[in-house]
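Okay everyone, thanks for coming. Have a look at the model on the screen, and I'll walk you through some spots that caught my eye.

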Amino acid sequence: MHHGVPERTFDERVTLGEAATGLSMVTGIGGLALVAIGAVLGWLRGDEWKYFLHSYLVQFCFFLSLSLGALVFVAIQHVTRAGWSASLRRLAEILAANVGVMALLFLPILVIVLLGNHLLYEWADPSHVAEDHLLQHKQPYLNVPFFVARAAVYFLFWWIAGRFYLSRSVAQDSSGDPALTLQMERWSGPIIILFAVTVTFAAFDWLMSLDPHWYSTIYGVYYFAGAIVSFIGAITLMAVLLQSTGRLTTAIHVEHYHDLGKLLLAFVIFWGYIAFSQYMLIWYGNIPEETIWYLARQTGPWGYVSLALLFGHLLIPFFGLLPRAMKRRKMLLAGWGVWILVFHWLDMYWLVMPRLGADGFPPGLIDLSLLLGMGGLYLAGLIRVAGAHSLVALRDPRLAEALAFENV
């Protein structure tokens, strides 16, 4: 490994500067206001907050997936000792460290469960469980204390892992000590294993248990696939937006965008493969307790959403990202990043809202206010973390390799 790159390689445009504090405050206050508006609209709907809670879960799982995708990306870069990504890895570290904001945003869901309210999770209501023979058999796992304990473990691990990478990477900015890189490499293998376990069970707990009679062993992988592809779209947008303000103009270049484009294409295919695998096995088995979940998503307006995901989340971006030129023009690639994020959100909506039947479609003002509101809170946390550090790992031992990186 190279022994660092002096900080003078870059100028002051590798930080957000003094504007970060004010911008974080504005986006945070705006986000809180929009979430409050969504709550008022949910109350006015007169359905005992049922639509509001389901929409809140959609937005929560959407933004959480960005941080989770970033976390596993950082771990993979270290475990493979990748050099090409050294100059943009800090952006992923910042996204991963933002999982603390998502832990706070999970509190409303946690309160609902602790109150035994069945509007979101029917298994949380003891009276409902007493009347359902199948739920009684699942009660050793689907019960409130165990649910809360598991959620605490998930967030604790994600937060510790995210802070582990960011703190050591930032410390290296000052010391240039390559031992910090070796430390991150050694721990990345176990972190990836624990990540796979926690994300899988989190998807089971927070999404699949919305329909506690239904199950799929591949569900956690499906959520992971969406998380990693949406993260790649998000980090591409971050890089383009920062460069539009004169930052990271030399740290991130066309070769990095080319690789991000290749990863985006690869994980679009991976998402499609997992989605098809789950659907094909359930369709082929044709067991009523399994097919009921897809039946709800193939009837009425939800059938059109399923088709939209097939074309918008798989076929169109697959063919659109194939040309080499598409991956080497950052504005075009940023457009595909927006496209993927839109359809990833639609995917989260498709996972949650059919539980409400026809009342869950189409998206309305509640969804919009919660999406923008939670987005504002997520962005506020992101700016707060980013504002305290350089946007590029200034003395990463592999930074010189990243700056000189060229695709073959």
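One term before we start: when I say two residues touch, or are in contact, I mean that they have heavy atoms within 4.5 Å. Also, please keep in mind that this is a predicted model.

Let's use that term straight away on Q298. You'll find Q298 in the loop between α12 (288–296) and α13 (302–321). Which residues does Q298 touch, not counting those up to four places away in sequence? The answer is Y279 and G303. With Y279 there's a bit of extra detail, as the side chains of Q298 and Y279 make a polar contact at 2.8 Å. Q298 counts as partly exposed, with 43% relative accessibility. And here's a distance to try on your own screen: from C-alpha to C-alpha, Q298 and V254 are 41 Å apart in space, with their positions 44 residues apart in sequence.

We can do the contact exercise again with S24, up in helix α1 (residues 19–44). If you leave aside its neighbours within four places in sequence, S24 is in contact with A380, I383 and R384. S24 has a relative accessibility of 13%, and the cut-off for buried is under 20%, so S24 counts as buried.

Right, on to the inside. In soluble globular proteins, nonpolar side chains tend to be buried together. In this model, the largest nonpolar core has 140 residues, and F60, L64, Y121, W158 and W206 are the ones with the most contacts inside it. Which helix gives the most to this core? That's α2, with 19 residues. Take F60 as a sample: setting aside residues within four places in sequence, F60 is in contact with M102, L105, F106, I109, F155, W206 and M374.

There's some nonpolar material on the outside, too. A surface patch is formed by Y304, L307, L310, F311, L315, I316, F319 and L322, and together they have about 790 Å² of accessible area. L322 sits in the loop between α13 and α14 (324–328), and at a relative accessible area of 41% it is partly exposed.

Now for charges. How many salt bridges does a search of the whole structure find? It finds 11. I'll show you three of them.

The first pair on my list is D47 and R45, where the closest N and O atoms are 3.3 Å apart. D47 is partly exposed at 22% relative accessibility, and R45 is partly exposed as well, at 40%.

Next up, E93 and R90. Their side chains meet in a salt bridge at 2.9 Å, N to O. Both lie in helix α3, 3 residues apart, which is about one turn of the helix. Are these two buried or exposed? E93 is buried, with a relative accessible area of 1%, and R90 is buried, with 0%. They also have company: R89, R90, E93, D173 and D396 are linked in a network of salt bridges.

My last pair is R150 and D205, with the closest N and O atoms 2.7 Å apart. This pair links distant parts of the chain, as R150 is in helix α8 (residues 144–175) and D205 is in helix α9 (residues 178–206), 55 residues apart. R150 counts as buried at 7% relative accessibility, and D205 counts as buried at 0%.

Let me finish with some backbone oddities. Most residues other than glycine have a negative phi, and most peptide bonds are trans. Now look at R81: its phi is positive, about 55 degrees, although R81 is not a glycine. R81 is in the loop between α2 (50–79) and α3 (89–97), and it is exposed, with a relative accessible area of 53%.

L248 has a positive phi as well, near 55 degrees, and is also a residue other than glycine. Its place is the loop between α10 (219–244) and α11 (254–285). Is L248 buried or exposed? It's buried, with a relative accessible area of 3%.

And which peptide bond is cis? The one from F361 to P362, with omega near 0 degrees. P362 lies in the loop between α15 (330–352) and α16 (365–387).

That's my tour. Thanks for listening!

Key. Residues are numbered from 1 along each chain as its sequence is written. This is a predicted model: local features need pLDDT of at least 70, side-chain atom pairs count only at pLDDT 80 or more; totals for chains, interfaces and linings use all residues. Side-chain values use heavy atoms; hydrogens and water are left out. Helices (H or I, at least four residues) and strands (E, at least two) are DSSP runs, numbered from the N terminus. Buried means under 20% relative accessible area, exposed over 50%, partly exposed in between (1.4 Å probe, protein chains only). A polar contact is a pair of N or O atoms within 3.5 Å; within protein, one must be able to donate a hydrogen and the other to accept it, and residues adjacent in sequence count only if both atoms are side-chain atoms. A nonpolar core is a set of buried Ala, Val, Leu, Ile, Met, Phe, Trp, Tyr and Cys residues joined through side-chain atoms within 4.5 Å. Patches are made of residues with over 30% relative accessible area and no salt bridge: like charges are joined within 9 Å, nonpolar side chains (Val, Leu, Ile, Met, Phe, Trp, Tyr) within 5 Å. Accessible areas come from the Shrake-Rupley method with a 1.4 Å probe; for residues, only the protein chains shown count as cover. A salt bridge is a side-chain nitrogen of Lys or Arg within 4 Å of a carboxyl oxygen of Asp or Glu.
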